[in-house]
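This report looks at the empty spaces and the aromatic contacts of one protein chain. The sequence and the structure are shown first, and the description follows.

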Amino acid sequence: RAKSAGGNRFELADAEADARAITRHGLTTALPTALERGEFFIEYQPLVHLGDGSVHGAEALVRWCHPQHGVLGPDRFIPLAEDTGLIVPLGRWVLQEAVRQARFWQARHSDGGPLRINVNLSPTQLHHPRLVADTVDVLERSGLEPGALCLEVTESALIGADEDLLKPLRQLAEMGVDIALDDFGTGYSNLANLRRLPVSVLKLDRSFTRGMQQHPVDPVDLKIVEGIVSLAHSLELAVTVEGVETGAQARRLRDLGCDTAQGWYYARPGAPDRIHSLLLADAV
Ligand code: C2E
Ligand code: MG
Ligand code: MG
Ligand code: MG
């Protein structure tokens with residue numbers, strides 16, 4: 001069909017596929033040296049209390065400053081790092097760097113209450129035998145109290161998780177580390193299953209936040225969020241919402257009882273200094 005439409009569509013499509021494959025291959029082979037060369041950096045996005053907009057903490061989001069392709073987002077390279085196992089040293093670096101940064105903010109804002117740091121964990125890291133030992137090590141070296149760290153695990157990574165997989169998370173939770181279920185509501189998990197998981201925070205997926213932008217809001221969407229929040233609170237879990245882009249969304253989600261929020265409405269992910277200035281602004 002493409003041929004009869006004239007031109008070199010087939011060739012073009014092939015060339016595009018080739019380019020993608022080369023990039024994929026190129027990125028994969030460049031990953032290990034990228035870590036050695038210090039090409040990764042972290043942006044921080046604030047998490048705020050929905051009640052008063054004050055800063056609750058920040059999520060660490062990794063980026064790759066590639067010498068040819070420029071800044072790449074995690075969706076471009078985290079899956080490759082997962083496939084090649086590089087996610088383990090990369091994840092360890094992110095954890096170490098983010099925890100160090102959080103400790104630094106705390107030291108400069110001793111009056112600002114316990115600032116928290118959220119770090120994403122991918123499934124391979126979850127299965128890694130040194131997860132607990134490495135995390136304890138990073139915390140001890142930095143002097144950050146375990147209660148200031150929140151590890152985010154996607155709901156889908158924990159679907160059908162057996163006790164062997166949950167044990168390290170349980171150990172971390174017993175030490176005081178918060179475990180958050182990221183992208184909650186997209187994974188078709190059994191809600192009753194939540195009781196079994198050592199989690200203390202639900203991060204409601206951005207798709208729900210998007211629904212809160214409609215005028216009027218779909219009553220079924222409202223009921224769903226209301227239901228999730230009330231279930232979460234009855235299990236003593238805090239609810240964070242992702243992807244808040246407007247004041248209307250923020251107000252609705254606050255009225256629905258959500259606890260904390262994250263999104264462009266408050267701040268885009270950015271350099272660590274940004275969090276520093278937000279903390280300064282809060283202190284006034
Ligand atoms: P996530 O953990 O669900 O992070 C939230 C994503 O939503 C981030 O995308 C953030 O930039 C984006 N976001 C925040 N506020 C808004 C908003 O108001 N509107 C919209 N449209 N988007 C918003 P990002 O930085 O591209 O990260 C994508 C995913 O990559 C993350 O999703 C997380 O799963 C993964 N990731 C990021 N850093 C790491 C890391 O250090 N380790 C691992 N394993 N995964 C990471
Ligand atoms: Mg996350
Ligand atoms: Mg998320
Ligand atoms: Mg998400």
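## Aromatic pairs

In this predicted model, the side chains of F40 and F77 are both buried. Their ring centres lie 5.5 Å apart and their planes stand at 50 degrees, so the pair counts as tilted, the class that lies between stacked, under 30 degrees, and edge-to-face, over 60. The contact joins distant parts of the chain, since F40 belongs to strand β1 (residues 40-49) and F77 to helix α2, with the two positions 37 residues apart in numbering. Ring pairs also bring in W64, and F40, W64 and F77 are thereby linked into a cluster.

A further pair is formed by Y44 and W105, whose ring centres are 5.0 Å apart and whose planes meet at 80 degrees, so this pair is edge-to-face. Here too distant parts of the chain are linked, Y44 lying in strand β1 and W105 in helix α3, 61 residues apart. Y44 has a relative accessible area of 2% and is therefore buried, and W105, with a relative accessible area of 1%, is buried as well. The structure holds five aromatic pairs, among them the F40 and F77 pair and the Y44 and W105 pair.

## A charge over a ring

An aromatic ring also takes part in a contact with a charged side chain: the charged end of R268 sits over the ring of W264, at 3.8 Å from the ring centre.

## The largest pocket

The largest pocket has a volume of about 1000 Å³. Its lining consists of 36 residues, and E59, L61, P74, D75 and N120 are the closest to the centre. Two or more lining residues come from each of β2 (55-66), α2 (74-84), α3, β4 (116-120), α4 (123-127), β5 (149-154) and β6 (178-184), and the largest share, five residues, is supplied by β2. By class, the lining of this pocket divides into 15 nonpolar, nine polar and twelve charged residues.

## The second largest pocket

About 180 Å³ of space lies in the second largest pocket. Of the 13 residues that line this pocket, H56, R116, D178, V201 and A238 lie nearest its centre, and the elements that contribute two or more lining residues are β4, β7 (201-204) and β8 (238-241). The lining is made up of four nonpolar, five polar and four charged residues. Strand β4 thus appears in the lists of contributing elements for the largest pocket and for the second largest pocket.

## Enclosed cavities

The structure holds two cavities of 30 Å³ or more, and the largest cavity has a volume of about 140 Å³. Which residues line the largest cavity? They are V88, G91, R92, L95, L121, Q125, H128, R130, L131, D134, T135 and L151.

Helices α3 (87-108) and α5 (131-142) each give at least two residues to this lining, and α3, with four residues, provides the largest share. The cavity lining contains five nonpolar, four polar and three charged residues. Helix α3 thus contributes to the lining of the largest cavity, gives two or more residues to the lining of the largest pocket, and carries W105, the partner of Y44 in the edge-to-face pair.

Notes
Residues numbered from 1 in each chain as written. Chains lettered and ligands numbered in written order. Predicted model: local features only at pLDDT ≥ 70, side-chain atom pairs only at ≥ 80, totals over all residues. Heavy atoms only, no water. 1 Å grid on protein atoms, 1.4 Å probe; cavity = no way out; pocket = protein on both sides within 12 Å on 5 of 7 lines; lining within 4 Å. Points joined across faces, edges and corners; volume = space filled by probe spheres on them. Nonpolar A, V, L, I, M, F, W, Y, C, P; charged D, E, K, R; others polar. Phe/Tyr/Trp six-rings, centres within 6.5 Å; stacked < 30°, edge-to-face > 60°. Buried < 20%, exposed > 50% of the residue type's maximum accessible area, 1.4 Å probe, protein only. Lys NZ or Arg CZ within 6 Å of the ring centre and 35° of its normal.
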